[in-house]
Amino acid sequence: MDPTRITPLDPPYDPAVAEELEAMMPPGVPPILLFRTFANKLPMTRAMRGWGAYELGRELSLSMREREIVIDRTCARCGCEYEWGVHTAFFAARVGLTAEQVTSLAHGSADDACWDAARERLLIRTVDALHDHADLDDELAIEVLAELGDDTMLDLLMLCGWYHAISFTANGARVAHEPGAPRFTDVAMPVRDARRA
């Protein structure tokens, strides 16, 4: 990836910046590079914080595991290794994603054998349709509504869109990789031996 295009702010922070960054992170955790990049535009950062808190909060009608499946798949489809790596590092084990599922979200499909829950396969298919077509065909929309209902479908659509925006920003600003976060190559799909296929 090219060098960083928008330089993240470094400490010591202006008090207003420090307050925003502290509010965006769990207690005692230093701010990630993406948030320090956002902080270059403080009014935007303030405006985003409320929506970001909703998307990662308890009012979201998707479970935490479902949320992370949607986020990881969205970021992977957008080629946003930065945000995919941050979420994988922080949440994958917490929500019970297996190594095979993490790999599938980065490189595979909803048809991979690691997905035995129909609802999780549906989430992945929905993310892929939104990424590829910015829409759901009628058949998929009917299936999503039947499984999730109106309110959760709205949450799913907006969560996917929000992480498109996050991915576009991280990619476009060339936010550097967070130390210790995985990369796409760390979870590459195994190469099948053609003689066994």
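**Exercise 1. Arginine 174 and alanine 134**

Find where arginine 174 lies in this predicted model, and work out whether arginine 174 is buried or exposed.

Step 1: Look past helix H8; arginine 174 lies in the segment that comes after H8.

Step 2: Check the backbone. Arginine 174 is not a glycine, yet its phi is positive, near 55 degrees. As background, most residues other than glycine have a negative phi.

Step 3: Compare the relative accessible area with the cut-off. Buried means under 20%, and arginine 174 has 17%, so arginine 174 is buried.

Step 4: Now try alanine 134, in the loop between H7 and helix H8 (138–173). Alanine 134 has a positive phi of about 55 degrees, and alanine 134 is not a glycine either. With a relative accessible area of 67%, however, alanine 134 is exposed.

**Exercise 2. A peptide bond to look at**

Say which kind of peptide bond joins proline 11 and proline 12.

Step 1: Go to the segment before helix H1 (15–24), where proline 12 lies.

Step 2: Read omega for the bond between proline 11 and proline 12: about 0 degrees, a cis peptide bond. In general, most peptide bonds are trans.

**Exercise 3. Cysteines and disulfides**

Work out how many disulfides the model has.

Step 1: Recall that a disulfide is a covalent bond between the sulfur atoms of two cysteines. The test used here asks for a pair of cysteine sulfur atoms within 2.5 Å.

Step 2: The count comes to zero disulfides. Take cysteine 75: the nearest cysteine sulfur belongs to cysteine 80 and is 5.2 Å away, so cysteine 75 is in no disulfide.

Step 3: For cysteine 78, the nearest cysteine sulfur is that of cysteine 75, at 6.8 Å, and cysteine 78 is in no disulfide.

Step 4: Add the surroundings. Cysteine 75 is buried at 0% relative accessibility, and cysteine 78 is buried with a relative accessible area of 14%.

**Exercise 4. Around helices H6 and H4**

List the buried residues of helix H6 and find helices that cover them.

Step 1: Within H6 (residues 99–107), the buried residues are Gln101, Val102, Thr103, Ser104, Leu105 and Ala106.

Step 2: Their cover includes helix H4 (64–77), helix H5 (81–91) and helix H7 (118–133).

Step 3: Pick out glutamate 68, which is found in H4. Its relative accessible area is 1%, so glutamate 68 is buried.

Step 4: Set aside neighbours within four places in sequence; glutamate 68 is then in contact with His87, Phe91 and Val95.

Definitions and conventions: Residues numbered from 1 in each chain as written. Predicted model: local features only at pLDDT ≥ 70, side-chain atom pairs only at ≥ 80, totals over all residues. Heavy atoms only, no water. Buried < 20%, exposed > 50% of the residue type's maximum accessible area, 1.4 Å probe, protein only. Helix = DSSP H or I, 4+ residues; strand = E, 2+ residues; numbered from the N terminus. Contact = heavy atoms within 4.5 Å.
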